[in-house]
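Please open the model in your viewer and keep the selection tool at hand, because this tour moves from one selection to the next and says what is found at each stop.

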Number of protein chains: 4
Amino acid sequence: MSLLAPNADIPFNITRLSHVVLTSRDLDKTRFFYETGLGLEVTAHDDTILCLRAIEETGHHSLLFEKITTQDEGMALRTAYRMFSDDDLKRAFDYFKECGEAVEFVERPYQGLTLRLFDGVGVPIEFCATMEQSESRMQRFHTHAGGRLAFLDHIQIACHDVPKAYQWYSNLGFRLTEYTAKDGTDEMWGIWLKRKNNTQDVVFSSASGPRLHHFAYHTPELSSIIHAADVMASLGLADTMDRAPGRHGIGNAFFIYFRDPDGHRIEIFSSHYNVIDIDHKPKRWELTDTRRSQLWGFPAPKKWFSEASKFRGVTVKPPLLDASPTTLEEYLINR
Amino acid sequence: MSLLAPNADIPFNITRLSHVVLTSRDLDKTRFFYETGLGLEVTAHDDTILCLRAIEETGHHSLLFEKITTQDEGMALRTAYRMFSDDDLKRAFDYFKECGEAVEFVERPYQGLTLRLFDGVGVPIEFCATMEQSESRMQRFHTHAGGRLAFLDHIQIACHDVPKAYQWYSNLGFRLTEYTAKDGTDEMWGIWLKRKNNTQDVVFSSASGPRLHHFAYHTPELSSIIHAADVMASLGLADTMDRAPGRHGIGNAFFIYFRDPDGHRIEIFSSHYNVIDIDHKPKRWELTDTRRSQLWGFPAPKKWFSEASKFRGVTVKPPLLDASPTTLEEYLINR
Amino acid sequence: MSLLAPNADIPFNITRLSHVVLTSRDLDKTRFFYETGLGLEVTAHDDTILCLRAIEETGHHSLLFEKITTQDEGMALRTAYRMFSDDDLKRAFDYFKECGEAVEFVERPYQGLTLRLFDGVGVPIEFCATMEQSESRMQRFHTHAGGRLAFLDHIQIACHDVPKAYQWYSNLGFRLTEYTAKDGTDEMWGIWLKRKNNTQDVVFSSASGPRLHHFAYHTPELSSIIHAADVMASLGLADTMDRAPGRHGIGNAFFIYFRDPDGHRIEIFSSHYNVIDIDHKPKRWELTDTRRSQLWGFPAPKKWFSEASKFRGVTVKPPLLDASPTTLEEYLINR
Amino acid sequence: MSLLAPNADIPFNITRLSHVVLTSRDLDKTRFFYETGLGLEVTAHDDTILCLRAIEETGHHSLLFEKITTQDEGMALRTAYRMFSDDDLKRAFDYFKECGEAVEFVERPYQGLTLRLFDGVGVPIEFCATMEQSESRMQRFHTHAGGRLAFLDHIQIACHDVPKAYQWYSNLGFRLTEYTAKDGTDEMWGIWLKRKNNTQDVVFSSASGPRLHHFAYHTPELSSIIHAADVMASLGLADTMDRAPGRHGIGNAFFIYFRDPDGHRIEIFSSHYNVIDIDHKPKRWELTDTRRSQLWGFPAPKKWFSEASKFRGVTVKPPLLDASPTTLEEYLINR
């Protein structure tokens, strides 16, 4: 296992997580949850899709729902990253081709040139450099509501093969900032990988996968996260809380998790930090160190570890490293 | 000058400041300022009146505007306090009659039994014990907006004769919590008087008067006060800020002051404290101690000291104690 | 069951909760928990006692620990209220004597005249009007730490006979602000009683009792409560968290609960509201309405309901109304 | 004037602002101001230097003071940026050499390889890639104090030739995010340039220069900025406030400015936003649009525009574009 900085010779520049595409059985219910509840802005809504974004985002969407007519549980359709320019996308196309990946350019509404492939563990991912722009709501403060969510920050993938994910993303220049390893070994259980200037754009944790465990929006103020919970309760959505407030040791996030009407899990959090310098060493946490998951606060309930959104058409495989952290249920027994 | 606790033999119980009644030349503009801007709730609005209240208030209004058809500058019509019960009001009627005051019962919309008179320095004041009740917005968090104002806390009266005001309100059981005196003397320049459990229901400061200098709403979070300013700016109301954020030494309030469309001045503030015990001694501040007015922050501009809302029909008299604190304009010259 | 306002003919004026007296097996550990962790100020500490108070308190203590040399679990020694003046205390002495209560004046360090008796359900309570005064830390902002706790607000008593407690305290002028009743009946399960201007000075909830369930300090900012948890975690005290953050429906408090080194439970909370007016009606909550206990957030664990500090020498009796709210453990099973 | 994205062919990667080096006449006074007051961490202090850093910083210092024995007013010695690796530094050395710049490697305590030169407008700047590392205080929450400053974010240079600065930094890959231009013209008055993921690492504004106008630390919570002011006031440092709280239109920062014991100006601020994407267009503000400088709040006093720290040994030249924004003094006259 190497914790070296990413290869500088990669011929394209991935800059950040861009957006997430999910299914919804009822776009109106989904809209109520994200717009009225959490305070995201709706930028498009018709019979088939719903697009949303956060306060400081100028791109068209960071969250996109596609309507499904079946009663299937929520599925993830794809996750997407930005590259800096269309030239990067073209160089990436050549690069992936040469690697033997099934890569293709696809048409996506509101987006510029878009590249599509599967990552090393089977997650459908796309890359684009541009998106339809419009002024953000940042300085229209009277429209800030719910959790005053500022921007889409990261996704977490429940992953059957974390080392393979680590290898694949490292090769693209993603950098490891923190990680969990099985106590006293080199076996990685969870990895925090990033391109932008903070601790993560994508996280992989060991579980049946690949599945989308959650996506996360950042908000700078602690009180906004509490206010989001208050608003959700006001609206009759209190029981969508999936994990009570606490602070992660990893990444330092103060968080609350919710489940949307289709069961997709969203984290709202604050208090990330900058990782930019070459001499910033990845921080290691032992799997059994509960401070890793909660510096304080109760552990997550069983379902937080077991439930996640499948990627449509992608086979879920059992985890290579089958070691489970303590659940809330177990914690209460031994307390 | 006596700083003794109020007379326990007063035959009625004034409990708190209740509401303020002001003129408006344009109720729609007034509504935009207070509802859309600062986040108060409108409980009544027709061609002649506009009633508003804050988040935790269950009574019908704490702020009432009466439409005037002239282009007169904003005038205050009356200030009002609560007594505990109608029995208190009746005993108060007898008490004031006996004192020779011109006291009368008046009809007021949305209020129960209401007593009217003038205080010792000419301010029209009213007392009631009950008001039409409805559930507050406290737990409808999705409706909290602007400064998330919690309750009407106090008024400040620009007053030509502060000692007389002190005497009159002390006789009714108001208690002095903090005060400003001319350096090294017993001459009171400003007095903080209270009935409820914090530092003030009414403040008198030496100036031409009586005039309503401002009324003040409390909000518990510092960030809500800043957010109110942000929202006002979003709405094109940034230039209604009358005094930039700062912290008063007296009362410990973190504040911003605004002027409404008719020139009425409103303070939004946080960080008051409890005053309940008999052994709590009034805190004295010297007039020239600028920490009194701003523990930090710039002094108030000249207009903050000179402009205030006249009470309709009440003659304004020059102050007995004509000592002026440093204005922002003077401060900048000597800095 | 009567929900009438308190009897105005009570010949003395109880003003607020004053302080709580508890045992400690190790005053240094206790001090570390409350001073270094939660940020209270130590005003006295020797081999036998430890006195603490909060930021805006000018009285000598609101929390007092007496050292015990045995390894007994934490016990409560007494709870104390303020009356307005020594004259009130003397009238109260006569009143209680006439009622046949075993009332006496006792000597207490740092306090003025102090009255001692047992309340109607066996809790040892004391009353005083004055306490040694010193300037608070309110405007020494550089000393504010931990949860920036502002003042002792209330206690909660686990009580075998809630109706009797209600009767006894009502007779002294305590007023009911909110309450929980067994669904569809008049049987009170929990009562919020107050003298000062907010929702509670003392709460009684149905359980084996009397025992001190917790005492609670108020802090105005949500973020201070989160910061307290962060600080506790930094200091290795994360596992003293007894109940994760949430918002009570009753009283509207955003809360966290901790257990101190002797097992005493402390709540830190924000967001109470004013109750002053006669027309403020007590708010009823059904026992099975979980929003009562948590507007949002997970239910409290079993121990939160079962464990509490016994009053030394006072027999604990089983509850008259043996109806238990859902515990976290039960909630997780059915989720 | 070109607003194009930076040249992708630059053979080195500047990543962010690193640190600032200033003079101090009295290191103890300087320490009291920054450590006790604003809450920075001291990482080194002897008779000749004082090193400080913010909460999440793992490098040795972001602020370094060198003791001077004269009574000269505060001077800036140099500003410094990070490159990603030592290889970048070496390529930069060659690049600058080829451009004819007087570039050299210098020894700096606690730093790795360090490159020194003057920028296009005469500012002494240095680049390094590594610095002595130690665990940050991020998760030692009990040590967070003052303004809870998170990281050094940017500097502002009072500059006689803003277009030349723009050209020089653009050539190094700095990107323009917002700018002020003389109304209706292409003449740039102020430019916000960045390498990291937010709006600025360095700002140039038109004035006599080059001089260091201020350096700025970021903190995520609005209330921490207010608390910093409270703490400064508690410590007798209230009059070091150089500009009262307000919100800049440019960059969206909620700010307070202070002057340290040597007159160096520091901004503490929150609420920046991400700029990462290629399709993010620089935002233009007209010079006479006061919302540029204050979305709300009073304008800065005259001294804020005229006073700044000279760079030792560097000649100050008059500005090419001599257009001054409205000062607080002028604003008050016309109000």
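The stops below go from the domains of one chain to a pair of chains, then to charged pairs, and end with cysteines. Keep in mind throughout that this is a predicted model.

**Stop 1: the two domains of chain A**

Begin by colouring residues 14–134 of chain A as domain 1 and residues 148–334 as domain 2, which is how the chain is divided. The centres of domain 1 and domain 2 of chain A, taken over C-alpha atoms, are separated by 20 Å. If you then display the contacts between them, you should find 49 residues of domain 1 of chain A touching 46 residues of domain 2 of chain A. Together the two domains of chain A bury about 3900 Å² between them, and 68% of this area is on carbon and sulfur atoms. Now select Phe33(A), Leu38(A) and Val121(A), which supply 17% of the area that domain 1 of chain A buries against domain 2 of chain A, more than any other three residues.

Charged side chains also meet across this boundary, where the count between domain 1 and domain 2 of chain A is 2 salt bridges. Select Arg25(A) and Asp262(A) as your next pair, since they form a salt bridge in which the closest N and O atoms are 2.9 Å apart.

**Stop 2: chain A beside chain D**

Hide the other chains and keep chain A and chain D on the screen. What turn lays chain A on chain D? A turn of 180°, with a shift of 0.0 Å along the axis, places chain A on chain D with an RMSD of 0.0 Å. The two copies are thus related as by a two-fold rotation axis. Of the interface residues of chain A, 100% are also interface residues in chain D, so the copies meet through the same surface.

Next, select the residues in contact, of which 37 come from chain A and 37 from chain D. Chain A and chain D bury about 3100 Å² between them, with 49% of that area on carbon and sulfur atoms. Phe84(A), Gln139(A) and Asp279(A) are worth highlighting here, as these three residues supply 19% of the area that chain A buries against chain D, more than any other three. Across the interface of chain A and chain D there are 4 salt bridges. To look at a salt bridge between these chains, select Arg16(D) and Asp277(A), whose closest N and O atoms are 2.7 Å apart.

**Stop 3: charged pairs inside single chains**

Side chains of opposite charge can pair when their charged atoms come close. Over all chains, the count comes to 76 salt bridges, and the next selections visit a few of them.

Move to chain B and select Asp153(B) with Lys196(B), which form a salt bridge with 3.2 Å between the closest N and O atoms. Asp153(B) lies in strand E9 (residues 151–159), while Lys196(B) lies in the loop between strand E11 (188–194) and strand E12 (202–206), so the pair ties together parts of chain B that are 43 residues apart in sequence. Both Asp153(B) and Lys196(B) are buried.

In chain C, select Asp242(C) and Arg265(C), a salt bridge with its closest N and O atoms 2.7 Å apart. This pair links distant parts of the chain, with Asp242(C) in strand E14 (residues 241–247) and Arg265(C) in strand E16 (residues 265–270), 23 residues apart. Asp242(C) and Arg265(C) are both buried.

Turn to chain D, where the side chains of Arg78(D) and Glu126(D) meet in a salt bridge of 3.4 Å, N to O. Here too distant parts of the chain are linked, because Arg78(D) is in strand E5 (residues 75–83) and Glu126(D) is in strand E8 (residues 124–128), 48 residues apart. Are these two side chains buried or exposed? Arg78(D) is buried, with a relative accessible area of 8%, and Glu126(D) is buried as well, at 0%.

Back in chain A, select Glu66(A), Arg78(A), Arg108(A), Arg116(A) and Glu126(A) together, for they are joined into one network by salt bridges that share partners.

**Stop 4: the cysteines**

Finally, select the cysteines. Why is Cys128(C) not bonded to Cys51(C)? The sulfur of Cys128(C) is 12 Å from that of Cys51(C), the closest cysteine sulfur, which is too far for a bond, given that a disulfide needs sulfur atoms within 2.5 Å. Cys128(C) counts as buried, at 1% relative accessibility. In chain D, the sulfur of Cys51(D) is likewise 12 Å from the closest cysteine sulfur, in Cys128(D), and too far for a bond, while Cys51(D) is buried with a relative accessible area of 0%. Over all chains, the count comes to 0 disulfides.

How values were computed
Residues are numbered from 1 along each chain as its sequence is written. Chains are lettered from A and ligands numbered from 1 in the order in which they are written. This is a predicted model: local features need pLDDT of at least 70, side-chain atom pairs count only at pLDDT 80 or more; totals for chains, interfaces and linings use all residues. Side-chain values use heavy atoms; hydrogens and water are left out. Buried means under 20% relative accessible area, exposed over 50%, partly exposed in between (1.4 Å probe, protein chains only). Copies are superposed by least squares on the C-alpha atoms of residues with pLDDT of at least 70 in both. Contact means heavy atoms within 4.5 Å. Helices (H or I, at least four residues) and strands (E, at least two) are DSSP runs, numbered from the N terminus. Domain bounds come from an automatic or database domain assignment. Buried area is the accessible area (1.4 Å probe) that two parts lose on being put together, summed over both.
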